[in-house]
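Me: I am new to this structure, and I would like to understand what lies behind the words used to describe it. Could you take me through them with care?

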Amino acid sequence: MSHFYERKAYRYPLYIFILLSTAFAICLLYFQWILGIVSLLLLGFVLYYVIHSQRSLYVELEQYISNLSYRIKKVGEEALMEMPIGIMLINDDYKVEWANQFLASCFKEQTLVGYSLYDLADSLVAFVKQGQANEEIINIHGKQFKVVIRREEKLLYFFDVTEQVELQKRYEAERLVLAIIFLDNYDEITQGMDDQAKSQMNSHVTSILNQWANDYGIFLKRTSSDRFIAVLNEHILEQLEKSKFSILDEVREQTMKYNVQLTLSIGVGTGVSSLPELGALAQSSLDLALGRGGDQVAIKQGNGKVKFYGGKTNPMEKRTRVRARVISHALRELIAGSDKVLIMGHKYPDMDALGAAIGILKVVQSNQKEGYIVIDTAKTDAGAQRLIEELKTHSELWSRCIKPEQGLELVTEDTLLIVVDTHRPSLVVEERLLYRTDHIVVIDHHRRGEEFIDAPILVYMEPYASSTSELVTELLEYQPKRLKLTMLEATALLAGIVVDTKSFTFRTGSRTFDAASYLRAQGADTVLVQKLLKESINNYVKRAKMIENASIDSRGIAIAKGDPNETYDQVLIAQTADTLLTLSGVIASFVISKRADQTIGISARSLGDINVQLIMERLGGGGHLTNAAAQLSDITIEEAEQQLRAAIDDYLEGGKPS
């Protein structure tokens with residue numbers, strides 16, 4: 001460090017001051033030698049004092065800086081070695097070149113130098129190798145560390161966040177959850193009971209639910225004869241999920257003592273802190289559970305994800321003629337208020353989707369409005385293709401069938417769009433039509449899934465119905481009788497019912513036969529139905545080969561696979577699953593094969609002991625308790641089989657239905 005007077009800014013003024021002072025003293029010495037001598041002595045003393053003080057200051061400053069540097073260096077070394085922050089340097093071979101003592105103590109070692117990351121923690125190796133995230137929380141000997149990496153320097157910092165993670169877990173575990181419990185068929189069951197039996201059953205059900213609530217620490221309050229509200233937290237909800245909501249089975253079994261089968265539906269809202277939003281999620285979940293047939297739990301999170309439990313029993317029929325009439329009249333008013341009506345089903349439509357669309361077209365024509373069926377004739381199954389060939393022979397009806405591109409040109413803001421046999425936007429023939437109009441009606445017989453068409457103005461979903469064609473037939477009965485069903489229209493609707501009920505053997509109720517009787521009276525040709533459902537000998541041989549190679553395990557589950565080098569029609573896959581179900585000892589069947597669109601199709605059937613809908617939903621599909629399917633993309637048949645077996649095992653771990 002230089003003296004301050006060695007710097008130009010200070011040195012030159014000092015020199016000038018000394019020169020002027022000396023000149024003044026010499027002048028004074030010339031005129032007054034005594035004063036001059038005193039002045040020179042005084043000037044010399046001042047100069048000596050200034051120089052001496054500056055040198056002393058310099059020495060003290062040097063010593064201060066030296067001490068400060070030493071202390072800072074020592075503190076830095078101690079911080080590097082002793083602070084509760086782990087520091088590690090690694091080389092290209094993932095070996096530790098240096099680590100501070102704190103980090104070594106975390107691994108319960110004296111030193112980490114020379115160790116490989118593979119010996120310390122596998123999760124640490126995966127984090128370093130992935131090359132994407134720059135920080136991650138890793139468990140090291142029971143403690144949680146946030147590891148931050150500087151990849152260029154191969155430097156890792158370890159911050160102990162165990163308390164923070166525990167606090168986060170505790171917060172999430174204690175976060176509020178709201179549930180609405182609904183007694184599905186309470187009104188129907190108690191309608192014919194006397195007061196004493198009704199009171200006994202009420203008391204028994206309330207007692208079961210109260211005991212369940214006490215066991216899990218849930219606050220439960222009855223708000224009406226068929227509705228309860230439950231308040232719990234995330235930790236309790238996790239316990240309920242582990243039990244697969246056994247309360248559903250318990251209530252169903254206990255109420256059998258009264259020769260009735262009362263079931264529960266539970267809607268759960270979770271994952272948000274806002275109470276109004278939590279309540280809305282719970283109500284939305286309950287609507288979803290009821291829309292899927294009841295006897296199940298729907299859990300909806302704030303991010304929109306939904307989980308389902310239960311749903312092991314066949315839904316009890318709740319439709320009434322009154323509801324069909326009300327929906328039919330509401331549909332009539334919507335048609336009257338539109339400029340035109342477009343009707344579409346799902347991709348690769350089957351006989352039910354096409355038959356229902358033809359029935360809705362007749363509803364539109366009965367109300368003297370212009371209607372069109374949107375269909376891609378190049379993407380249909382074999383049965384629907386034969387029906388299309390029949391439609392081509394009836395020019396008036398065929399002229400109402402248009403391509404998706406034509407539908408996009410015709411649609412306006414006042415157009416009514418009616419979607420049949422599906423409620424999932426990703427499955428409709430032309431998804432863009434859903435966003436061109438705000439007037440959408442959904443008519444479907446499938447159990448409601450997580451994906452649903454946004455904000456339809458009318459929804460007629462009845463999972464208790466055998467088919468969408470059955471629902472449409474009932475709606476037709478309450479429409480104006482201006483036009484009579486033609487033979488082909490009635491036959492198309494009947495064919496839809498026959499296909500979905502497997503010739504009236506599955507999901508067939510009294511209303512199904514009523515609808516079939518009405519269609520037969522309208523001129524439906526049963527012989528033509530059989531012609532439409534005929535299959536080629538090639539398909540018959542394919543099906544026989546798949547059945548020949550099927551495997552049946554000890555649980556009665558049959559799995560058949562198609563040839564990886566061949567493609568199979570979806571109807572053929574479904575027919576193979578139906579045939580497998582007729583074999584002795586088989587209670588559920590699954591068929592896996594490649595489809596024409598290069599996806600892997602899985603068709604599932606059961607006799608009711610196993611809910612194949614829940615299994616297919618685990619694979620992204622859906623359907624009914626005894627009839628479901630799924631499509632998987634970018635996957636091989638062997639990989640699809642592995643996923644299917646895992647889904648079956650996961651389902652069976654929850655216990656078999658009563």
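Reply: Let me begin with a definition: a residue is called buried under 20% relative accessible area, exposed over 50%, and partly exposed in between. Please keep in mind throughout that this is a predicted model.

Me: Why is Asp649 called partly exposed?

Reply: The relative accessibility of Asp649 is 34%, and since partly exposed covers what lies between 20% and 50%, Asp649 counts as partly exposed.

Me: What makes Asp649 and Arg555 a salt bridge?

Reply: A salt bridge needs a side-chain nitrogen of Lys or Arg within 4 Å of a carboxyl oxygen of Asp or Glu, and the closest N and O atoms of Asp649 and Arg555 are 3.0 Å apart, which therefore satisfies the rule. Asp649 belongs to helix α24 (residues 637-653), while Arg555 is in the loop between β18 (551-552) and β19 (557-561), so the bridge ties together parts that are 94 residues apart in sequence. Arg555, at 33% relative accessibility, is partly exposed.

Me: How many salt bridges does the rule give, and which residues are joined into one network?

Reply: The count comes to 21 salt bridges. Asp249, Arg252 and Asp295 are joined into one network by salt bridges that share partners.

Me: How do you know that Arg175 and Glu234 form a salt bridge, and what does the pair tie together?

Reply: Their side chains meet at 3.6 Å, N to O, and the limit is 4 Å, so the pair qualifies. Arg175 sits in the loop between α6 (162-173) and β6 (176-183), and Glu234 in helix α9 (residues 234-242), so parts that are 59 residues apart in sequence are tied together. Arg175 has a relative accessible area of 23% and is partly exposed, whereas Glu234, with 17%, is buried.

Me: On what grounds are Glu474 and Arg511 paired, and what distance is found between them?

Reply: The closest N and O atoms of Glu474 and Arg511 are 2.8 Å apart, and the two form a salt bridge. This pair links distant parts of the chain, with Glu474 in helix α17 (residues 468-477) and Arg511 in helix α19 (residues 510-521), 37 residues apart. Glu474 has a relative accessible area of 0% and is buried, and Arg511 is likewise buried, with 7%.

Me: Why is the aromatic pair of Tyr94 and Tyr118 called edge-to-face?

Reply: Rings pair if their centres lie within 6.5 Å, and planes over 60 degrees apart count as edge-to-face. A search of the whole structure finds 4 aromatic pairs, one of which is formed by Tyr94 and Tyr118, at 6.4 Å centre to centre with 85 degrees between the planes, and this pair is edge-to-face. Tyr94 is in the loop between β1 (85-90) and β2 (96-99) and Tyr118 in helix α4 (residues 117-120), 24 residues apart, and the pair links distant parts of the chain. Tyr94 is partly exposed at 23%, and Tyr118 is partly exposed at 42%.

Me: How do you know that the charged end of Arg151 sits over the ring of Phe127?

Reply: The distance part of the rule asks for CZ of Arg within 6 Å of the ring centre, and the charged end of Arg151 is 5.8 Å from the centre of the Phe127 ring. Arg595 also lies over a ring face, that of Tyr348, at 5.4 Å from the ring centre.

Me: What makes the nonpolar surface patch, and which helix gives the most to it?

Reply: The patch, of about 670 Å², is made by Leu29, Trp33, Ile34, Ile37, Val38, Leu40 and Leu41. Helix α2 (residues 33-82) gives the most, with 6 residues. Leu40 lies in helix α2, and its relative accessible area is 34%; residues of a patch need over 30%, so Leu40 meets that cut-off.

Me: Why is Phe245 called buried, and what is said of its phi?

Reply: Phe245 has 3% relative accessibility, and the limit for buried is under 20%, so Phe245 counts as buried. Its phi is near 50 degrees, a positive value in a residue other than glycine, and its place is in the loop between α9 and α10 (247-255).

Me: Is Asp634 buried or exposed?

Reply: Asp634 counts as exposed, at 81% relative accessibility, because the word applies over 50%. Asp634 is found in the loop between β23 (627-632) and α24, with a positive phi of about 55 degrees although it is not a glycine.

Notes. Residues are numbered from 1 along each chain as its sequence is written. This is a predicted model: local features need pLDDT of at least 70, side-chain atom pairs count only at pLDDT 80 or more; totals for chains, interfaces and linings use all residues. Side-chain values use heavy atoms; hydrogens and water are left out. Rings of Phe, Tyr and Trp (its six-membered ring) pair if their centres lie within 6.5 Å; planes under 30 degrees apart count as stacked, over 60 as edge-to-face and the rest as tilted. Helices (H or I, at least four residues) and strands (E, at least two) are DSSP runs, numbered from the N terminus. Buried means under 20% relative accessible area, exposed over 50%, partly exposed in between (1.4 Å probe, protein chains only). A charge sits over a ring if NZ of Lys or CZ of Arg is within 6 Å of the ring centre and within 35 degrees of the ring normal. Patches are made of residues with over 30% relative accessible area and no salt bridge: like charges are joined within 9 Å, nonpolar side chains (Val, Leu, Ile, Met, Phe, Trp, Tyr) within 5 Å. Accessible areas come from the Shrake-Rupley method with a 1.4 Å probe; for residues, only the protein chains shown count as cover.
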